[in-house]
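Colleague: I have some questions about one strand and one acidic residue. Could you show me the structure before we start?

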Amino acid sequence: MDCWIVSALSWFIPVYLLIHLLCFLFADADFTLLWASLAGHKPERKLKGLVVWITGASSGIGEELAYQLAKCGSRLILSARREDELHRVKRHCLETSDLKDDDVLVLPLDLLERTSHEEKTKTVIRYFGHIDILINNGGRSQRSLFLETSVDVCQALMELNFLGTVSITKQVLPHMTQRGRGSIVTVSSLVGLAGAPLATGYCATKHALQGFFNALRPELTDYPKILISMVCPGPVQSQIVSNVFTEELNKPVAAVGSQEHKMPTSRCVHLMLVGITNGVKEMWIAQQPFLLFYYAWQYAPTFAWFITDLLGRKRVQNFKAGVDADSAYFTKPKTS
């Protein structure tokens, strides 16, 4: 009998490990999130009727969040600076879902105008009566070398990405603690866990968000029905690249490279909604080889540093040669 058990285990364990390896090679999210997508609650069932406030809703991930949440039947507050774009997103939500006009509130918002955030929050609560989910998605990225970058750019990034997000959270969280439930979901990044050249200021803001919300979460242990969730996407197809900070505050990015190699926005957002629905506290969302970096930084940081230095050098070289930073791993440098 013992020999049979040993023999069975000698076959089972290698097969089990092989299956997990194959799954990892084709995975586009961490195993907890993928398992939730297979066996967990479905967003279209759990999110129906909930009031969701999305910042940065005029394009990219925020825009796609609005569309998919509308199809789930969530009632929406769409916020960003560009009011005309918000109305465009609202029209599409209404055209592609069963929502009525009153189910979608367009609320222009500037994360830098922190003195306005209290009144904006009160406006939302007066309109819908409560807020079930806040999705902190607003912000800007960066494409510049630190040696060439003004410190004003770092300050602007921190004011927008970090303090703007903290300010909105500060206004919404007391409402959720009073109700005893709610979700605060913040879009961080792969570079909120690791680091990437050409984005020193941006990385700093995402690391700050990770630290802030990871410290906030245990402060709320008396409110077990309040979810603090961090979303850490890798490269995703988005318009964020066209609006990045460069060396100077008002200098536009020289060129926006191809987005084809990045994860489709729809897939990223679907996984986000799965994570929100199933109470996942931190989501790693990226195609390979980027997903490997998450696990390397978590479990093998020495190896991660080696890979980061190797690929980081290539990224900087390609950037200096005029190749878009996001395409640096997939494009050969230009030659004169």
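**A central strand and an aspartate**

Modeller: A place to begin is the pairing of isoleucine 133, whose bridge partner in β5 is serine 183. Keep in mind that this is a predicted model.

Colleague: How many bridges join β4 to β5, and in which sense do they run?

Modeller: β5 covers residues 182-187. The two strands run parallel, and the number of bridges joining them is four.

Colleague: Which residue in β4 stands opposite isoleucine 54?

Modeller: Strand β1, residues 51-55, also pairs with β4, in the parallel sense and over three bridges. Opposite isoleucine 54 stands isoleucine 135.

Colleague: Are the faces of strand β4 covered or open?

Modeller: On one side Ile133 and Ile135 are buried. On the other side Leu134 and Asn136 are buried too. Both faces of β4 are therefore covered, since buried means under 20% relative accessible area.

Colleague: What handedness does the β-α-β unit of β4, α7 and β5 have?

Modeller: Helix α7 spans residues 151-179. With β4 and β5, α7 makes a unit that is right-handed.

Colleague: How far from aspartate 30 is the nearest side chain of opposite charge?

Modeller: Aspartate 30 lies in the loop between α1 and α2 and is buried. A salt bridge needs a distance within 4 Å. Aspartate 30 has none, and the nearest candidate, arginine 267, is away by 11 Å.

Colleague: Which residue has its backbone nitrogen 3.1 Å from a polar side-chain atom of aspartate 30?

Modeller: Aspartate 30 touches residues further along the sequence, including Trp284 and Tyr295. The backbone nitrogen at 3.1 Å belongs to threonine 32.

Terms used: Residues numbered from 1 in each chain as written. Predicted model: local features only at pLDDT ≥ 70, side-chain atom pairs only at ≥ 80, totals over all residues. Heavy atoms only, no water. Buried < 20%, exposed > 50% of the residue type's maximum accessible area, 1.4 Å probe, protein only. Lys, Arg positive; Asp, Glu negative; His and termini not counted. Polar contact = N/O pair within 3.5 Å; in protein donor to acceptor, adjacent residues only side chain to side chain. Contact = heavy atoms within 4.5 Å. Pairing = 2+ DSSP bridges. Right-handed = clockwise from strand over helix to strand, strands pointing away. Lists of a residue's contacts leave out its neighbours within four places in sequence.
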